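Trainee: Could we go through this one together? I'd like to learn where the labels come from.
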Amino acid sequence: LQRPEGRSHTRVLNGPALLAWFSFSEEYQDLLQRRLDSVTLSPSERRLLQQTHFHSLHQGFLAAYDSLLAAQLEEAEVLRRVLLYCRAAAVAMLAKQEALPAPEQEEHFVKAASDVSNLACALYNQKCYSEASALVQLLCEELGRPSCPPLPLDKLQRAFLVAVQSSRKEGQLDQALGWVVRWLRALRDQVIQHMVEPVSLWVKTKGDAARAGLEETQLRTLKDGFEGKEP
């Protein structure tokens, strides 16, 4: 999977340093949240704290991404702990944008989606398929909500591509087919123009099932998926 362009790796930390930063960030974010829970904030103060909270989560993702690409997270336990933080941060980022004023929601959602997708793609490229899948599914599930803010088509396609391909690499073929169905649904009124890639991956995944002798998976159809007939 292609890496995003235009990124400079300026936040590279080794594993222990990154975990120490995350520990500090969690305390800082808890402090911000307690302040946000106060009823005495003015609208301008609340907006500033919301933006600061989101920015802190965003910076953590950038550091994790840059450190992963710089081969600083090769120790299994360090990577596990980094991704534990990133999964929690992803949930928070995708939720925090809902509290922002409407004009800012889309901007923050695109930024959060890019952070999650970029890190998941980097994990996939390093053959950490289960880790990539566990992370990107948070974004793909969000993209399936009717109230989800719009996301540029290339970013939506990339997120679901990581989800499908990670599931295929893990041998989770029914899960991969399920992500194709969700992908097509997430395209909404653009599905006719942009269905070629997901449908192609549906066919390839069915081929995987045939080679693995998984007859029930091989016999699944897109109609089954859209009618909710899951195995």
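**Rings and helices**

Mentor: Sure. By the ring-pairing rule, the count comes to 6 aromatic pairs. Keep in mind that this is a predicted model.

Trainee: What makes the pair of Phe-22 and Tyr-85 stacked?

Mentor: Look at the planes: they are 10° apart, with 3.9 Å centre to centre. Rings pair if their centres lie within 6.5 Å, and planes under 30 degrees apart count as stacked, so both values fit.

Trainee: Where along the chain do Phe-22 and Tyr-85 sit?

Mentor: Phe-22 is in helix 1 (residues 15–36) and Tyr-85 is in helix 3 (residues 76–96), 63 residues apart, so the pair links distant parts of the chain. Ring pairs also bring in Trp-21, giving a cluster of Trp-21, Phe-22 and Tyr-85.

Trainee: Why is Phe-22 called buried?

Mentor: Buried means under 20% relative accessible area. Phe-22 has 3% relative accessibility, so it counts as buried. Tyr-85, with 5%, is buried too.

Trainee: Now helix 2 and helix 4: how do their axes meet?

Mentor: The axes of helix 2 (residues 43–69) and helix 4 (residues 102–125) come within 9 Å and cross at roughly 20°. Angles under 35 degrees count as roughly parallel, so helix 2 is roughly parallel to helix 4. Their crossing is left-handed.

Trainee: Which residues make that contact?

Mentor: Among them are Phe-54, Phe-61 and Leu-62 of helix 2, and Val-116, Leu-119 and Leu-123 of helix 4. The contact residues divide into 12 nonpolar, 4 polar and 4 charged.

Key: Residues numbered from 1 in each chain as written. Predicted model: local features only at pLDDT ≥ 70, side-chain atom pairs only at ≥ 80, totals over all residues. Heavy atoms only, no water. Axes fitted to C-alpha atoms, helices over the stretch in contact; angles between N-to-C directions. Helix = DSSP H or I, 4+ residues; strand = E, 2+ residues; numbered from the N terminus. Parallel < 35°, antiparallel > 145°, perpendicular 65-115°, else oblique. Left-handed = near helix turned anticlockwise from the far one by under 90°. Contact = heavy atoms within 4.5 Å. Nonpolar A, V, L, I, M, F, W, Y, C, P; charged D, E, K, R; others polar. Phe/Tyr/Trp six-rings, centres within 6.5 Å; stacked < 30°, edge-to-face > 60°. Buried < 20%, exposed > 50% of the residue type's maximum accessible area, 1.4 Å probe, protein only.
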